[in-house]
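Biologist: I should like to go through the terms applied to this model and see how each one is justified. Please begin with the vocabulary and then proceed to the individual residues.

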Amino acid sequence: MPKQKTHKGMKKRFKITASGKAKHRKAFRGHILSKKSPKRKIRLRGDGVVTGAEAKIILNALRPSS
């Protein structure tokens, strides 16, 4: 059987936390920030955590051995 490979696209976009959760960067924080309110930009700081069915798919793609 061939080895299962890590999905390189997901590897660039997600990280796995120490407790095994999938972390992602929040959207709408890349550019055109002048029209967004300070309150909105504050809420977009930091990383989000992926939950539900998407989290399982991401973790399987990033940890193919498990």
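Modeller: Helices (H or I, at least four residues) and strands (E, at least two) are DSSP runs, numbered from the N terminus. This is a predicted model, in which local features need pLDDT of at least 70 and side-chain atom pairs count only at pLDDT 80 or more, while totals for chains, interfaces and linings use all residues. Residues are numbered from 1 along each chain as its sequence is written, and side-chain values use heavy atoms, with hydrogens and water left out.

Biologist: Where is phenylalanine 14 found, and why is phenylalanine 14 counted as buried or exposed?

Modeller: Phenylalanine 14 belongs to strand S1, residues 14-16. Buried means under 20% relative accessible area, exposed over 50%, and partly exposed in between (1.4 Å probe, protein chains only). Phenylalanine 14 has 18% relative accessibility and therefore counts as buried. In space, 9.2 Å separates phenylalanine 14 from leucine 59, C-alpha to C-alpha, although the two are 45 residues apart in sequence.

Biologist: What makes the pair lysine 23 and aspartate 47 a salt bridge?

Modeller: A salt bridge requires a side-chain nitrogen of Lys or Arg within 4 Å of a carboxyl oxygen of Asp or Glu. The side chains of lysine 23 and aspartate 47 meet at 3.6 Å, N to O, so the pair satisfies that definition. Lysine 23 lies in strand S2 and aspartate 47 in strand S3 (residues 47-50), so the pair ties together parts that are 24 residues apart in sequence. The structure holds 1 salt bridge.

Biologist: How exposed are the two partners, lysine 23 and aspartate 47?

Modeller: Lysine 23 is partly exposed, at a relative accessible area of 32%. Aspartate 47 is also partly exposed, at 46%.

Biologist: How do you know that lysine 36 has no salt bridge?

Modeller: Lysine 36 is buried, and the nearest side chain of opposite charge, aspartate 47, is 16 Å away. Here Lys and Arg count as positive and Asp and Glu as negative, whereas His and the chain ends are not counted. Lysine 36 lies in the loop between strand S2 (22-25) and helix H2 (38-43).

Biologist: What does the side chain of lysine 36 reach?

Modeller: The side chain of lysine 36 reaches the backbone oxygen of isoleucine 32 at 3.5 Å. A polar contact is a pair of N or O atoms within 3.5 Å; within protein, one must be able to donate a hydrogen and the other to accept it, and residues adjacent in sequence count only if both atoms are side-chain atoms. Isoleucine 32 is found in the loop between S2 and H2 and, at 48% relative accessibility, counts as partly exposed.

Biologist: What is notable about phi of isoleucine 32 and of phenylalanine 28?

Modeller: Phi of isoleucine 32 is near 55 degrees, a positive value in a residue other than glycine. For phenylalanine 28, likewise a residue other than glycine, phi is positive and near 70 degrees. Phenylalanine 28 lies in the loop between S2 and H2, and its 60% relative accessibility places it in the exposed class.

Biologist: Why is lysine 12 called exposed, and where is its place?

Modeller: Lysine 12 has a relative accessible area of 69% and is therefore exposed. Its place is in helix H1.
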